[in-house]
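Welcome! Here are some short exercises to work through with the structure open beside you. Try each task before you read its solution.

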Amino acid sequence: MAQRVALVTGGSRGIGAAIAARLASEGTDVAITYQHSTERAAAVVKEIEAAGARGMAVAADAADTGALVKAVERTVAEFGRIDILVNNAGIAPYGPLEDVTLEEIDATLAIHARASFVLAQAAARHMGSGGRIICIGSSLAERVPYPGWTLYSMSKSALIGLTKGLARDLGPRGITANLVHPGSTDTEMNPADSPEAEEERRYTALGRYCSAADIAATVAHLAGEGGRNITGAAIVVDAGTTA
């Protein structure tokens, strides 16, 4: 993966930051997008650079398609190419079905589905053979074991169709497209020591949360030589929640 370039959206914390660090550790230059925390984004860039790779942080709201396209173009302008796109930025809307508003529906679909499509479209214009597009979905796209997650699950399941379509559209050019479905993962959004964590553990086969590093390891495999013949796939990393 030496001298390759990746763009990881939502890369200032959690799973995105772990993916950026893992790719950098394997010799990939990494640009990340972030929305609010300049300081945290800068810290991730420092970690990327400490691994011997080039890093860059770009402020971009995942709901702003223009900003996302500009993030791709800036990555190419700064690093000269883009080989790997990781669509990671996301939100976690939760609540009773009857309370979901149209504004929440539009925002969630924009960030999870529309943004992933637009970024893939923009990045693919610059990718050659060996390019990789990887979306971060959710095990809740495969199985919904408790109420309150209908909107989130719907939006993440859209990535299944996107991934399969991209695999067919881009396969003749030697570009792969895959989807990683994390289960309960220890991040700020869903900490393993939260009051709800014990209930989530009960739904897993292994009785434990995943770490962000677990998800990053699977992304790195798909992005590397080992993933060259994997495309159109959805890989679940969830400690057996969907078993």
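**Exercise 1.** Start with a single residue in this predicted model: is Asp29 buried or exposed?

*Solution.* Asp29 has a relative accessibility of 9%. Buried means under 20%, so Asp29 counts as buried.

**Exercise 2.** Find the salt bridge between Asp29 and Arg54, and work out where each partner lies.

*Solution.* Begin with the contact: the side chains of Arg54 and Asp29 meet in a salt bridge, with 2.9 Å from N to O. Next, place the partners. Asp29 belongs to strand E2 (residues 29–34), while Arg54 is in the loop between helix H2 (38–50) and strand E3 (55–59). The two are 25 residues apart, and the pair links distant parts of the chain. Finally, look at the cover on Arg54: at 41% relative accessibility, Arg54 counts as partly exposed.

**Exercise 3.** Which residues are linked with Glu188 in a network of salt bridges?

*Solution.* Take one partner at a time.

- Step 1: Arg40 forms a salt bridge with Glu188, and their closest N and O atoms are 2.6 Å apart. Arg40 lies in helix H2 and Glu188 in the loop between E6 and H6, so this pair ties together parts that are 148 residues apart in sequence.
- Step 2: Arg13 also forms a salt bridge with Glu188, here with the closest N and O atoms 3.7 Å apart. Arg13 sits in the loop between strand E1 (5–8) and helix H1 (14–25), so its pairing with Glu188 ties together parts that are 175 residues apart in sequence.
- Step 3: Put the pieces together, and Arg13, Arg40 and Glu188 are linked in a network.
- Step 4: Check the surface. Glu188 is exposed at 53%, whereas Arg13 is partly exposed at 40% and Arg40 is partly exposed at 35%.

**Exercise 4.** How are the rings of Tyr146 and Tyr203 arranged?

*Solution.* The ring centres are 5.1 Å apart and the planes stand at 75°. Planes over 60 degrees apart count as edge-to-face, so that is the name for this pair. Tyr146 is buried, at 18%, and Tyr203 is partly exposed, at 28%.

**Exercise 5.** Which residues form an aromatic cluster with Trp149?

*Solution.* Begin with the rings of Trp149 and Tyr152: their centres are 5.4 Å apart and their planes at 70°, so this pair is edge-to-face. Then add Tyr94, which completes the cluster of Tyr94, Trp149 and Tyr152. Trp149 is buried at 18%, and Tyr152 is buried at 12%.

Technical notes
Residues are numbered from 1 along each chain as its sequence is written. This is a predicted model: local features need pLDDT of at least 70, side-chain atom pairs count only at pLDDT 80 or more; totals for chains, interfaces and linings use all residues. Side-chain values use heavy atoms; hydrogens and water are left out. Rings of Phe, Tyr and Trp (its six-membered ring) pair if their centres lie within 6.5 Å; planes under 30 degrees apart count as stacked, over 60 as edge-to-face and the rest as tilted. Buried means under 20% relative accessible area, exposed over 50%, partly exposed in between (1.4 Å probe, protein chains only). A salt bridge is a side-chain nitrogen of Lys or Arg within 4 Å of a carboxyl oxygen of Asp or Glu. Helices (H or I, at least four residues) and strands (E, at least two) are DSSP runs, numbered from the N terminus.
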